[in-house]
Amino acid sequence: QVQLVESGGGLVQAGGSLRLSCAASGRTFSALGWFRQAPGKEREFVATVKGSSGSPYYVDSVKGRFAISRDNAKNTVYLQMNSLKTDDTAVYYCAAGWLASGSAQDYSYWGQGTQVTVSS
């Protein structure tokens, strides 16, 4: 049975940092990514990383501030978030699949979500 378990969310002031973790169990995946959903908005792509090359891809709004990485031995993906802004407030979801894309349709498994709140 596949499970994705996220951790690391919380409340932080603008300009601060948080690190999210997502541990996958049950199988390995080519692509591990992060999406987020703010209140009243659609779920949006944040970042993804391909297992074979480790190449990361980001939505423009987080480039230079967020860094995604993965530890294949632990089947875990991380999202280091720096210089956080109030606009980053959302529920962050870990996603797993076989195509490292920005489309939610390409990910077959999802975590339960972790809340990130950035205060001004």
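User: How many salt bridges does the rule yield here?

Analyst: The count comes to four salt bridges, the rule being that a side-chain nitrogen of Lys or Arg lies within 4 Å of a carboxyl oxygen of Asp or Glu. This is a predicted model, in which local features need pLDDT of at least 70 and side-chain atom pairs count only at pLDDT 80 or more, while totals for chains, interfaces and linings use all residues. Residues are numbered from 1 along each chain as its sequence is written, and side-chain values use heavy atoms, with hydrogens and water left out.

User: What makes the contact between Arg36 and Glu44 a salt bridge?

Analyst: The N to O distance between the two side chains is 2.6 Å. Because the rule asks for a nitrogen of Arg and a carboxyl oxygen of Glu within its cut-off, the pair qualifies.

User: Why is Arg36 called buried, and why is Glu44 called partly exposed?

Analyst: Buried means under 20% relative accessible area, exposed over 50%, and partly exposed in between (1.4 Å probe, protein chains only). Arg36 has 6% relative accessibility and therefore counts as buried. Glu44, at 33%, therefore counts as partly exposed.

User: Which salt bridges does Asp88 form with Arg36 and with Arg65, and what do these pairs tie together?

Analyst: Asp88 meets Arg36 at 3.0 Å, N to O. Asp88 lies in the loop between β8 and β9 (90-97) and Arg36 in strand β4 (residues 31-37), so this pair ties together parts 52 residues apart in sequence. Strands here are DSSP runs (E, at least two residues), numbered from the N terminus. Asp88 also meets Arg65, at 2.8 Å, N to O. Arg65 lies in the loop between β6 (56-58) and β7, so this second pair ties together parts 23 residues apart in sequence. Salt bridges that share partners thus join Arg36, Glu44, Arg65 and Asp88 into one network.

User: Is Asp88 buried or exposed, and how do you know?

Analyst: The relative accessible area of Asp88 is 2%, so Asp88 is buried. Arg65 is buried as well.

User: Why is no salt bridge assigned to Glu6?

Analyst: Arg43 is the nearest side chain of opposite charge (Lys and Arg count as positive, Asp and Glu as negative; His and the chain ends are not counted). The distance to Arg43 is 7.8 Å, which is beyond the salt-bridge cut-off, so none is assigned. Glu6, in strand β1 (residues 3-7), is nevertheless buried.

User: What does the side chain of Glu6 reach instead?

Analyst: A polar atom of the Glu6 side chain lies 2.6 Å from the backbone nitrogen of Cys94. The Glu6 side chain also reaches the backbone nitrogen of Gly113, at 2.6 Å. Leaving aside neighbours within four places in sequence, Glu6 is in contact (heavy atoms within 4.5 Å) with ten residues' worth of surroundings that include Ser21, Trp34, Tyr92 and Thr114.User: What makes β7 an edge strand of its sheet?

Analyst: Four strands form an open, antiparallel sheet in the order β1-β3-β8-β7. Strands β1 and β7 (66-71) are its edges, as each pairs on one side only. The twist averages 15° from one strand to the next.

User: How do you know that β7 and β8 are paired?

Analyst: Two strands pair if DSSP finds at least two bridges between them. Six bridges join β7 to β8 (residues 76-81), so these antiparallel strands meet the criterion. Within this pairing, Ser69 has Tyr78 in β8 as its bridge partner.

User: Why is Thr76 called buried, and where does its side chain reach?

Analyst: Thr76, in strand β8, has a relative accessible area of 8%, and is therefore buried. Its side chain reaches the backbone oxygen of Lys74 at 2.9 Å. Among the contacts of Thr76 beyond four places in sequence are Cys22, Leu32 and Ser69.

User: Which strands pair with β11, and in what sense?

Analyst: Strand β2 (residues 10-13) pairs with β11 in the parallel sense over four bridges, and Gln13 stands opposite Ser119. Strand β9 pairs with β11 in the antiparallel sense over three bridges, and Tyr92 stands opposite Thr114.

User: Which residues make up the covered and uncovered faces of β11?

Analyst: In β11 (residues 114-119), Thr114, Val116 and Val118 form the covered face, while Gln115, Thr117 and Ser119 form the uncovered one. In a regular strand the side chains alternate between the two faces of the sheet.

User: What makes Leu99 partly exposed?

Analyst: Leu99 lies in the loop between β9 and β10 (107-110). Its relative accessibility is 48%, so Leu99 counts as partly exposed. Beyond four places in sequence, Leu99 is in contact with Ala31, Asp106 and Tyr107.

Notes. A polar contact is a pair of N or O atoms within 3.5 Å; within protein, one must be able to donate a hydrogen and the other to accept it, and residues adjacent in sequence count only if both atoms are side-chain atoms. Axes are lines fitted to C-alpha atoms, for helices over the stretch in contact, and angles run from 0 to 180 degrees between N-to-C directions. Contact means heavy atoms within 4.5 Å.
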